[in-house]
Amino acid sequence: MMKSVFAEIGSKERLRALLAGLYHKMQADPMIGFFFMHQDLDKLIDAQCHFYLFIFGQITTFDGTPPIHAHKKLPPLLEGHFNRRLVLLQETLREWGLSHANQAIWVAFESSFRDAIVHHA
Ligand code: HEM
């Protein structure tokens, strides 16, 4: 299923450009932009691209930081922040013209990280 998402995007270069679009939206966003204030966005986009190449079955090993551990040093990532990223992701996938089926697959995949990423007081 995840491979069909990559097939529609078409190349590693286009995947990186799509993720760059998402991360620039996130950085400019009034609700979640502050998370990226002291971050090297290009490095984050590369790391995210590496993660998704693995998820989409294009590489066989992932040696980056797993999402479950990647957010520990950040300010508490709350439910609303997580939802906002999903909105920006959906917007990005729509802008890139992905099919509704592939948009739904990607959004469901990210949603599955909610419990692992959202801060519980
Ligand atoms: C509102 C939601 C999110 C925000 C604001 C956010 C923000 C960030 C930031 C600022 C970092 C860098 C952390 C550091 O270097 O200390 C990071 C790392 C990372 N995030 Fe997220 N994130 C969000 C959700 C997600 C989701 C849903 C996923 C995956 C499904 C994800 C995957 C990753 C990964 C894999 C890294 C590690 C990158 C590396 O290897 O350096 N993030 N995130």
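# A guided tour, starting at F56

Select F56: leaving aside neighbours within four places in sequence, F56 is in contact with M2, K3, V5 and F6. Keep in mind as you go that this is a predicted model.

**Stop 1: around F56**

Stay on F56 and colour the helices to see where you are. F56 is found in the loop between α3 and α4. Now add K3 to your selection. The two residues are 53 places apart along the chain, yet their C-alpha atoms are separated by 5.0 Å. Is F56 buried or exposed? F56 is buried, because 20 other C-beta atoms lie within 10 Å, and 20 or more is the cut-off for that label.

**Stop 2: C49 in helix α3**

Next, select C49, which sits in helix α3. This residue has 19 C-beta neighbours inside 10 Å, so C49 counts as partly exposed. Show L15, R16 and L19 as well: C49 touches these residues, with those up to four places away in sequence not counted. Then pick Y23 and draw a distance to C49. From C-alpha to C-alpha they are 11 Å apart, with their positions 26 residues apart in sequence.

**Stop 3: α2 against α3**

Zoom out a little and select two helices, α2 (12–28) and α3 (41–55). Two packed helices are described by the angle between their axes and the distance between the axes. Here α2 and α3 pack at an angle of about 130 degrees, and their axes are 9 Å apart. The two helices are therefore oblique to each other. The crossing of α2 past α3 is right-handed. To see the contact itself, show the side chains on both sides. From α2 come K12, L15, R16, L19, A20, Y23 and Q27, while α3 brings L41, L44, I45, Q48, C49, Y52 and L53. Colour them by class and you will find 10 nonpolar, 2 polar and 2 charged residues.

**Stop 4: D29, in the loop after α2**

Select D29 now; its place is in the loop between α2 and α3. Which residues does D29 touch, leaving out those up to four places away in sequence? They are R84 and L88. The pair D29 and R84 is worth a distance line: they are 55 residues apart along the chain, and their C-alpha atoms are separated by 9.0 Å. D29 is partly exposed, because 17 other C-beta atoms lie within 10 Å.

**Stop 5: α5 against α6**

Move on to α5 (79–95) and helix α6, which covers residues 100–111. Their axes come within 10 Å and cross at roughly 160 degrees. That makes α5 roughly antiparallel to α6. As α5 passes α6, the crossing is right-handed. Show L86, L89, Q90, L93 and R94 in α5, and you will see them meet Q103, W106, V107, E110 and S111 in α6. By class, this contact has 5 nonpolar, 3 polar and 2 charged residues.

**Stop 6: the ligand**

Finish by centring the view on the ligand and showing the residues around it. Which residues come nearest to the ligand? Of the 21 residues around it, these are F35, A47, G64, A70 and R85. Highlight three helices next: α3, α4 (67–70) and α5 each supply at least two residues of the shell. Colouring the shell by class gives 13 nonpolar, 5 polar and 3 charged residues.

Key:
Residues numbered from 1 in each chain as written. Predicted model: local features only at pLDDT ≥ 70, side-chain atom pairs only at ≥ 80, totals over all residues. Near = placed C-beta within 6 Å. Helix = DSSP H or I, 4+ residues; strand = E, 2+ residues; numbered from the N terminus. Nonpolar A, V, L, I, M, F, W, Y, C, P; charged D, E, K, R; others polar. Buried ≥ 20, exposed ≤ 12 C-beta atoms within 10 Å, placed from the backbone. Contact = placed C-beta atoms within 7 Å. Axes fitted to C-alpha atoms, helices over the stretch in contact; angles between N-to-C directions. Parallel < 35°, antiparallel > 145°, perpendicular 65-115°, else oblique. Left-handed = near helix turned anticlockwise from the far one by under 90°.
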